[in-house]
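Trainee: Please take me through this one piece by piece. I would like a reason with each reply.

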Amino acid sequence: MGRYSQKLEEIKKLIGRLQKEAPDQIAAFHGFMEAVEKPGAMDAKAKELVNVALAVAAQCEWCIALHVKGALDSGASRAEVIDAAMQAVLMHGGPALMYMTPVEEALDEFGAS
C-alpha cells in the first residue's frame, strides 16, 4: 500500500473511532459534507478540484490524498489536478508550493495520466 492509500486508510480508521466516541458530531459533519458535495452549480469534479486547492493551502496531506483521489474518481486529469493545486500556490505562496510534492506523489500513486 502506498503512502497516500495509507492516508486514506488512516482517515477511515479515524472516522470509525469518532463514530463511536462522538457519534452526533460525526453524523452532523457527514450530513453537512453530503449536502455540500452534492452537484449543484458546480459538478462533483469541479468541487473536488476546488478541494484539492484548499487541501494544498491548508497543508493537509490527508486532505490532499482524499481530494486528489476524489478528483481523479470524478474524471479529472492529472493536468487539471495540478492546475487546481497551483491556484493554492498562487494564493498561499511558497509553503503551498512545497505541498505540490504530495499532490504529485498522490497522482502517481493513484495512477493519474
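Trainee: Is Lys45 buried, exposed or partly exposed?
Mentor: This is a predicted model, in which local features need pLDDT of at least 70, side-chain atom pairs count only at pLDDT 80 or more, and totals for chains, interfaces and linings use all residues. Residues are numbered from 1 along each chain as its sequence is written, and side-chain values use heavy atoms, with hydrogens and water left out. Buried means under 20% relative accessible area, exposed over 50%, and partly exposed in between (1.4 Å probe, protein chains only). Lys45 has 24% relative accessibility, so Lys45 counts as partly exposed.

Trainee: With which residue does Lys45 form a salt bridge?
Mentor: A salt bridge is a side-chain nitrogen of Lys or Arg within 4 Å of a carboxyl oxygen of Asp or Glu. For Lys45 the closest N and O atoms are 2.9 Å apart, and the partner is Glu80.

Trainee: Which helices does the pair of Lys45 and Glu80 link?
Mentor: Helices (H or I, at least four residues) are DSSP runs, numbered from the N terminus. The two residues are 35 residues apart, so this pair links distant parts of the chain: Lys45 is in helix H3 and Glu80 in helix H5 (residues 78-92).

Trainee: Which residues are joined into one network by salt bridges that share partners?
Mentor: The whole structure holds 6 salt bridges. One of them pairs the side chains of Glu61 and Arg3, at 2.6 Å from N to O. Shared partners extend the group to a network of Arg3, Glu61 and Glu105.

Trainee: Is Glu61 buried or exposed?
Mentor: Its partner Arg3 counts as partly exposed at 45% relative accessibility. Glu61 has a relative accessible area of 17%, so Glu61 is buried.

Trainee: How does H1 lie relative to H4?
Mentor: Helix H1 (residues 3-21) and helix H4 (residues 61-73) pack at an angle of about 100°, with their axes 9 Å apart. Axes are lines fitted to C-alpha atoms, for helices over the stretch in contact, and angles run from 0 to 180 degrees between N-to-C directions. Angles under 35 degrees count as roughly parallel, over 145 as roughly antiparallel, 65 to 115 as roughly perpendicular and the rest as oblique. H1 is therefore placed, with respect to H4, as roughly perpendicular.

Trainee: Which residues of H4 make the contact with H1?
Mentor: Contact means heavy atoms within 4.5 Å. On the H1 side the contact is made by Arg3, Tyr4, Lys7, Leu8, Glu10 and Ile11. On the H4 side it is made by Glu61, Trp62, Ala65, Leu66 and Lys69.

Trainee: Which residues is His67 in contact with, leaving aside its neighbours within four places in sequence?
Mentor: His67 lies in helix H4. At 13% relative accessibility, His67 counts as buried. With those neighbours left aside, the contacts of His67 are Glu37, Glu48, Asn51 and Val52.

Trainee: Which residues does Ala76 touch, not counting residues up to four places away in sequence?
Mentor: Ala76 lies in the loop between H4 and H5. Its relative accessible area is 8%, so Ala76 is buried. Apart from residues up to four places away, Ala76 touches Lys45, Leu49, Ala71 and Val81.

Trainee: How far apart in space are Ala76 and Ala44, C-alpha to C-alpha?
Mentor: In sequence the two are 32 residues apart. In space, C-alpha to C-alpha, Ala76 and Ala44 are separated by 9.9 Å.
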